[in-house]
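Visitor: I would like to learn how to read a fold with care. Could you take me through one, feature by feature?

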Amino acid sequence: MTSRTPPGDLHEHSLLAVFAHPDDESLAAGGLLACCADLGATVSLVCATRGEHGQGDGDLGAIRAGELRDASRVLGINSPELLAFEDGMLPWVDGAMLQRDIYDAMRRSRPEVVVTFDADGLYGHPDHVAIHERVTAAVAALGDAAPALYYVTMPPGCMRAVVDHAAT
C-alpha cells in the first residue's frame with residue numbers, strides 16, 4: 001500500500017478558474033478547486049454568463065447565480081464573478097471584449113495558475129470552446145508575466161457516460 005503525501009501549504013498562492021456557466025466550476029474542476037482552497041490557496045472564479053438559457057423554470061439567471069454562490073462557499077472560492085455575456089452566445093459575442101474582461105480579472109486577482117476548458121470544451125459545447133479560446137489568448141497576452149495555464153479535459157465519451165448514468 002502506498003501513501004500519498006499531500007502537497008505543501010498553498011497559502012500565499014492563488015488560482016483563477018474561468019468557465020462559461022454557473023455549475024461548470026463544479027462539474028469540470030470542483031475537486032481541484034476545493035483541494036487548493038483547503039490547502040490555503042486563494043481560489044477565484046469568473047463565469048462569463050449567468051446560465052439564463054439553461055433548462056428549468058423561473059428566472060434561471062438568478063437561480064443559477066444563487067447556486068453559484070452556494071457552490072462557491074462549499075468549494076472555498078472567494079467572491080465568484082459573473083460577467084454579463086448572454087448564455088449560449090459566447091462564440092458570437094465581441095471576442096475582444098470577452099478576452100478583455102478575462103484579462104482584467106487576471107490582472108485583479110494575479111493568479112499563479114489559471115484553469116479553464118480544453119480546446120474541446122469537455123464535450124464540444126460552443127460556449128465552453130469560446131471560453132477556452134478567449135482565456136488562452138488572455139493568458140498569452142500577459143507574455144512573460146503570464147500565469148501557468150491548465151486545461152480541464154476528460155477522456156472522449158466520459159461526459160456521455162455521466163449523462164447516461166444520471167438518466168437511469
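**Reading the fold**

Guide: Let us begin with the order of elements: along the sequence, the protein chain of this predicted model follows the pattern β-α-β-α-β-α-β-α-α-β-α. The radius of gyration of the protein chain is 16 Å, close to the 15 Å that the globule rule gives for 168 residues, so the chain is as compact as a globular protein of that length. In total, the secondary structure comes to 6 helices and 5 strands.

Visitor: What does the C-alpha trace of the protein chain span along its principal axes?

Guide: The trace spans about 45 × 40 × 30 Å along those axes. Of the 168 residues, 40% count as buried, and the accessible surface of the chain comes to about 9200 Å², of which 55% belongs to carbon and sulfur atoms.

Visitor: Among contacts between residues at least 6 apart in sequence, what percentage join residues at least 24 apart?

Guide: In the protein chain, 77% of those contacts join residues at least 24 apart.

Visitor: How many positive and negative side chains does the protein chain have, and how far apart do the centres of the two sets lie?

Guide: There are 11 positive and 24 negative side chains, and the centres of these two sets lie 4 Å apart.

Visitor: How should I check a helix, taking α2 as the case?

Guide: One compares the span expected at 1.5 Å a residue with the distance between the end C-alpha atoms; for the 16 residues of α2 (residues 60–75) the expected span is 22 Å, and the end C-alpha atoms are 22 Å apart, which agrees.

Visitor: Which residues of α2 are buried, and what covers them?

Guide: Leu60, Gly61, Arg64, Ala65, Gly66, Leu68, Ala71, Ser72 and Leu75 are buried in α2, and their cover includes α1 (24–38), β2 (42–49) and β3 (77–85). The helix is followed by Gly76, whose phi is positive, near 85°.

Visitor: Is Ser44 buried or exposed?

Guide: Ser44, which is found in strand β2, has a relative accessible area of 14%, and because the cut-off for buried is under 20%, Ser44 counts as buried. Leaving aside neighbours within four places in sequence, Ser44 is in contact with Leu15, Leu16, Ala17, Ile77, Asn78 and Ser109.

Visitor: What does Ala28 touch, not counting residues up to four places away in sequence?

Guide: Ala28 lies in helix α1 and is buried, with a relative accessible area of 15%; the residues that Ala28 touches, with that exclusion, are Phe19, Phe117, Leu122 and Val152. As for distances, Ala28 and Ile63 are 35 residues apart in sequence and 20 Å apart in space, C-alpha to C-alpha.

Visitor: How should I read the sign of phi in a residue?

Guide: As a general idea, most residues other than glycine have a negative phi. Glu12, although not a glycine, has a positive phi of about 75°, and Leu122, also a residue other than glycine, has a positive phi near 75°.

Visitor: Where are Glu12 and Leu122 found?

Guide: Glu12 is in the segment before β1 (14–19), whereas the place of Leu122 is in helix α4 (residues 121–124). Their accessibility can be read alongside: Glu12 counts as exposed at 77% relative accessibility, while Leu122 counts as buried at 8%. Leu122 is also one of the residues that Ala28 touches, which links this reading to the earlier one.

Key:
Residues numbered from 1 in each chain as written. Predicted model: local features only at pLDDT ≥ 70, side-chain atom pairs only at ≥ 80, totals over all residues. Heavy atoms only, no water. Helix = DSSP H or I, 4+ residues; strand = E, 2+ residues; numbered from the N terminus. Rg over C-alpha atoms; globule rule 2.2 N^0.38 Å. Buried < 20%, exposed > 50% of the residue type's maximum accessible area, 1.4 Å probe, protein only. Contact = heavy atoms within 4.5 Å. Areas by Shrake-Rupley, 256 points an atom, 1.4 Å probe, with all protein chains shown as cover. Lys, Arg positive; Asp, Glu negative; His and termini not counted. Charge placed at Lys NZ, Arg CZ, Asp CG, Glu CD. Expected span 1.5 Å × (residues − 1).
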